[in-house]
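Me: I'd like a close look at one part of this model: how its helices pack against each other. Walk me through it, and add any side-chain or backbone oddities worth checking along the way.

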Amino acid sequence: MSRTAKILIIEDEQAIRAGLIDVLVYHGFAPDAAEDGQSGLDKALSGQYDLILLDVMLPKLNGFEVCERIREADREQAIIMLTAKSGDEDIIHGLQLGADDYVAKPFSVAQLVERIKAVLRRAKVGQEEAHTLCFGEMEVDTRNLCGRRNNDEIAFTRREMDVLQYLHKHSDRPVPREELLARLWGYARNLNIETRTVDIHIAKLRRKIEPDPAQPQHLLTVRGAGYRLMVD
Ligand code: CA
C-alpha cells in the first residue's frame with residue numbers, strides 16, 4: 001500500500017473506541033475517532049477518510065442517519081456498519097442505506113481487519129477499472145458512478161457499481177451469490193444474512209436499471225445458479 005489508509009471510527013462506547021484505535025494502529029492503519037453521530041458526520045463529510053467504521057446506536061444522530069447523510073454527499077465513501085450480533089434488521093437497513101458491509105458485535109479482530117482490507121481493496125480496484133458499460137438502453141460511467149437510460153440520469157454507489165461491473169464482465173454466465181460475496185466483499189461464508197447482502201444490492205440495482213423492477217429484463221435471477229446480466 002502506497003499510503004496509510006485513514007479510518008474514522010464513530011463509536012460512543014469509550015472502551016470499544018479505544019480498542020478499535022489500538023487494533024487499527026497495530027495493523028498499520030491511521031485511525032481517528034468521534035464519539036457521537038453529529039461530530040462523526042461532520043468529520044466524515046470532510047472527505048479525508050478511506051473508510052468509516054460506523055456504530056448504529058449513537059447519541060445525537062444514530063448510525064443509520066449518519067450513513068444516509070454521508071451517502072447523499074459522497075457515493076464513493078467506504079462505510080462498514082458495526083451492528084449488534086442478532087441485528088439482522090439493522091444489517092439489512094444499513095446496507096439499504098448504502099453501507100458497503102457490516103461487522104457484528106462482538107466482533108473478532110481478525111474478521112474486522114479482513115473486512116476492512118476487502119472494502120479498501122474493492123474501492124481501489126473499482127476506481128482503476130473505470131470504463132463505460134452498455135446494455136439494453138443503459139449507458140453506465142463506472143468512474144463517475146452514474147448512468148443514463150433514455151434521458152434519465154441514474155446515480156450508483158461504489159458498491160452497486162462493483163456488482164454491476166462484475167456481472168457485466170461475466171455476462172456470459174450466471175454468477176452465484178457466493179462468488180459475488182467472495183470476490184466483491186472478500187469473504188465466503190454461507191450464512192443466510194450474508195447472501196441477503198448480495199440480494200439487497202441486486203434489488204437496489206434493479207430499481208435503478210429496470211423499467212419494471214418486478215419483471216427484470218437485464219438483471220435476471222437464474223434459479224439455483226445466481227444472477228446474470230443480459231447485455232444485448
Ligand atoms: Ca453505541
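Reply: Let's start with helix α2 (residues 37-44) and helix α3 (residues 63-73), whose axes come within 10 Å and cross at roughly 20°. Angles under 35 degrees count as roughly parallel, so α2 is roughly parallel to α3. The crossing of these two, α2 and α3, is right-handed. On the α2 side the residues that meet the partner are Gly37, Leu41 and Ala44, and on the α3 side they are Val66, Arg69 and Ile70. Sorted by class, this contact of α2 with α3 has four nonpolar residues, one polar and one charged. Keep in mind that this is a predicted model.

Staying with α3 for a moment, the loop between β3 (51-55) and α3 is the place of Lys60. Lys60 is not a glycine, yet it has a positive phi of about 75°. For background, most residues other than glycine have a negative phi.

Now the other helix pair. Helix α6 (residues 158-169) and helix α7 (residues 177-185) have axes that come within 11 Å and cross at roughly 120°. That angle makes α6 and α7 oblique to each other. Their crossing, α6 with α7, is right-handed. From α6, the contact takes in Arg159, Asp162, Val163, Tyr166 and Leu167, while α7 brings Glu179, Leu180, Arg183, Leu184 and Trp185. By class, the residues in this contact of α6 with α7 are six nonpolar, no polar and four charged.

Two of those contact residues, Arg159 of α6 and Trp185 of α7, are worth zooming in on. Arg159 lies over the face of Trp185, at 4.8 Å from the ring centre. A second arrangement of this kind involves Arg115, whose charged end sits over the ring of Tyr102, 5.3 Å from its centre. If you go hunting for ring-on-ring pairs instead, the structure holds zero aromatic pairs.

One more backbone detail to check is the peptide bond joining Lys105 and Pro106: it is cis, with omega about -5°. Pro106 is found in the loop between β5 (101-105) and α5 (109-128). As a reminder, most peptide bonds are trans.

To put the two helix pairs side by side: α2 and α3 cross at roughly 20°, whereas α6 and α7 cross at roughly 120°. The first contact, α2 with α3, has one charged residue, and the second, α6 with α7, has four.

Definitions and conventions. Residues numbered from 1 in each chain as written. Predicted model: local features only at pLDDT ≥ 70, side-chain atom pairs only at ≥ 80, totals over all residues. Heavy atoms only, no water. Phe/Tyr/Trp six-rings, centres within 6.5 Å; stacked < 30°, edge-to-face > 60°. Lys NZ or Arg CZ within 6 Å of the ring centre and 35° of its normal. Axes fitted to C-alpha atoms, helices over the stretch in contact; angles between N-to-C directions. Helix = DSSP H or I, 4+ residues; strand = E, 2+ residues; numbered from the N terminus. Parallel < 35°, antiparallel > 145°, perpendicular 65-115°, else oblique. Left-handed = near helix turned anticlockwise from the far one by under 90°. Contact = heavy atoms within 4.5 Å. Nonpolar A, V, L, I, M, F, W, Y, C, P; charged D, E, K, R; others polar.
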